[in-house]
Amino acid sequence: MYNMAQFKTDLRDIYFNLFNVLKIQNHTGYAENDMKDVINECNKFIEKEIYPSRTTADREGVHLKDGKVSVPKDFHAPMKRFYENGWYGIGYPEDIGGMPTPHSVALICQSIMNGANVSFAMYPGLTRGAMDVILKVGSDKQKDLIVPKMMTGEWGGTMCLTEPGAGSDVGAAMTTATPVGDGTFKIKGIKIFISSGDNDLYNNIIHLVLARTPGSPAGTKGLSLFIVPKIRVDGKGNDVHCTKIEEKMGIHGQATCELTFGASGDCIGELIGKEFDGMANMFIMMNE
């Protein structure tokens, strides 16, 4: 019978680097003990709730059946408690429902979760990245609609760059965004290796999609970024479908998907940021 290795975080090393080497308590306005309390409690939550699913989830994997993607069953309860306990909001301001901490403390907590179960961590991790883009370059309307839903765990997020034949060369991407005339765009194309691309953890998924508008320059200079929800505000499906689950060694619990946009010609997206600023804006998420 397989025995899972003991969960162990070297908090002594973490605290030495944060408080003795970097001395973040002198630069952040937060007390050392308060920051230690946050890290301690987060570490306990990860050990109790997230780490136990590490092996079972990798064995169970992700499944695509009848057009629907299901993640390992052991992810659902801890993900619900992850949001309920406020751990998704760590490092974000209180006015959007966050738990304010220095960025370094938020990174430490994220790192501990990655070490415990990276397949699990990538679902809220991709959502944080997408939300950071929306917070930084989104319109007030986009922020008001999407950010509250992401903060509570109702909606997830992804980044959609890579295409067949456009892997290391993102500038070769050919997904198109055609203006409809009402400020929205019809999106058409295929994206591959999309982490958290589809799943049953969230009620909706907000895809940030790199695409080309008509007459755009060649290469990365011609790429713009679009908000493309899996489900529209009116509750109608948005012609976004997972057409394949990609397998990656060690993260079989992560829904790495091939996504097809607009196969039926009815995928609607909305520009975020300025036209042709797609790569610059996507790097906000990539850096996260």
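Start by selecting Gln254: at 1% relative accessibility, Gln254 counts as buried, where buried means under 20% relative accessible area, exposed over 50% and partly exposed in between, with a 1.4 Å probe and protein chains only. Gln254 sits in the loop between β8 (240-246) and β9 (256-261). Helices (H or I, at least four residues) and strands (E, at least two) are DSSP runs, numbered from the N terminus. Now show what Gln254 touches: leaving out residues up to four places away in sequence, you should find Val62, Ser119, Met122, Tyr123, Ser195 and Ser196. A contact here means heavy atoms within 4.5 Å.

Before you go on, a word on what you are looking at. This is a predicted model, in which local features need pLDDT of at least 70 and side-chain atom pairs count only at pLDDT 80 or more, while totals for chains, interfaces and linings use all residues. Residues are numbered from 1 along each chain as its sequence is written, and side-chain values use heavy atoms, with hydrogens and water left out.

**Zoom out to the whole chain**

Switch to cartoon and you have 8 helices and 10 strands in the protein chain. The radius of gyration of the chain is 20 Å, close to the 19 Å that the globule rule gives for 288 residues, so the chain is as compact as a globular protein of that length. That radius is taken over C-alpha atoms, and the rule is 2.2 Å times the number of residues to the power 0.38. Along the principal axes, the C-alpha atoms fill a box of roughly 55 × 50 × 35 Å. Of the 288 residues, 50% count as buried. Take the contacts with a separation of 6 or more: residues 24 or more positions apart account for 70% of them.

**Select α2 and α4**

Pick helix α2 (residues 32-50) and helix α4 (residues 76-84). Their axes come within 10 Å and cross at roughly 160°; axes are lines fitted to C-alpha atoms, for helices over the stretch in contact, and angles run from 0 to 180 degrees between N-to-C directions. The two helices are therefore roughly antiparallel to each other. The cut-offs: under 35 degrees is roughly parallel, over 145 roughly antiparallel, 65 to 115 roughly perpendicular, and the rest oblique. α2 passes α4 in a right-handed crossing; right-handed means the near helix is turned clockwise from the far one by less than a right angle, left-handed anticlockwise. Show sticks for Phe45, Glu49 and Ile50 of α2 and Pro78, Arg81 and Phe82 of α4, which make the contact. By class, that contact has 4 nonpolar, no polar and 2 charged residues. Ala, Val, Leu, Ile, Met, Phe, Trp, Tyr, Cys and Pro count as nonpolar, Asp, Glu, Lys and Arg as charged, and the others, Gly among them, as polar.

**Keep α4, add α6**

α4 and α6 pack at an angle of about 40°, with their axes 11 Å apart. That makes α4 oblique to α6, and the crossing is right-handed. Light up Pro78, Met79, Phe82 and Tyr83 in α4, which meet Phe120, Tyr123, Pro124 and Thr127 in α6. The residues of this contact divide into 7 nonpolar, 1 polar and no charged.

**Keep α6, add α8**

The axes of α6 and α8 come within 8 Å and cross at roughly 135°. That makes α6 oblique to α8, and the crossing is right-handed. On the α6 side, select Leu126, Gly129, Ala130, Asp132, Val133, Lys136 and Val137; they meet Asn281, Ile284 and Met285 in α8. The count by class is 6 nonpolar, 2 polar and 2 charged residues.

What are the buried residues of helix α8 (residues 278-287)? Colour Gly278, Met279, Asn281, Met282, Ile284 and Met285 to see them. Their cover includes α6 (118-137), β3 (155-160), β6 (204-212) and β7 (223-229).

**Two last residues**

Centre on Val133 in helix α6. At 0% relative accessibility, Val133 counts as buried. Beyond residues up to four places away in sequence, Val133 touches Gly138, Leu208, Leu225, Ile272, Asn281, Ile284 and Met285. Draw a C-alpha to C-alpha distance from Val133 to Leu208: 8.9 Å in space, for 75 residues apart in sequence.

For a contrasting stop, go to Asp144 in helix α7 (residues 140-152). Buried or exposed? At 60% relative accessibility, Asp144 counts as exposed. Its C-alpha lies 9.8 Å from that of Ile96, with the two positions 48 residues apart in sequence numbering.
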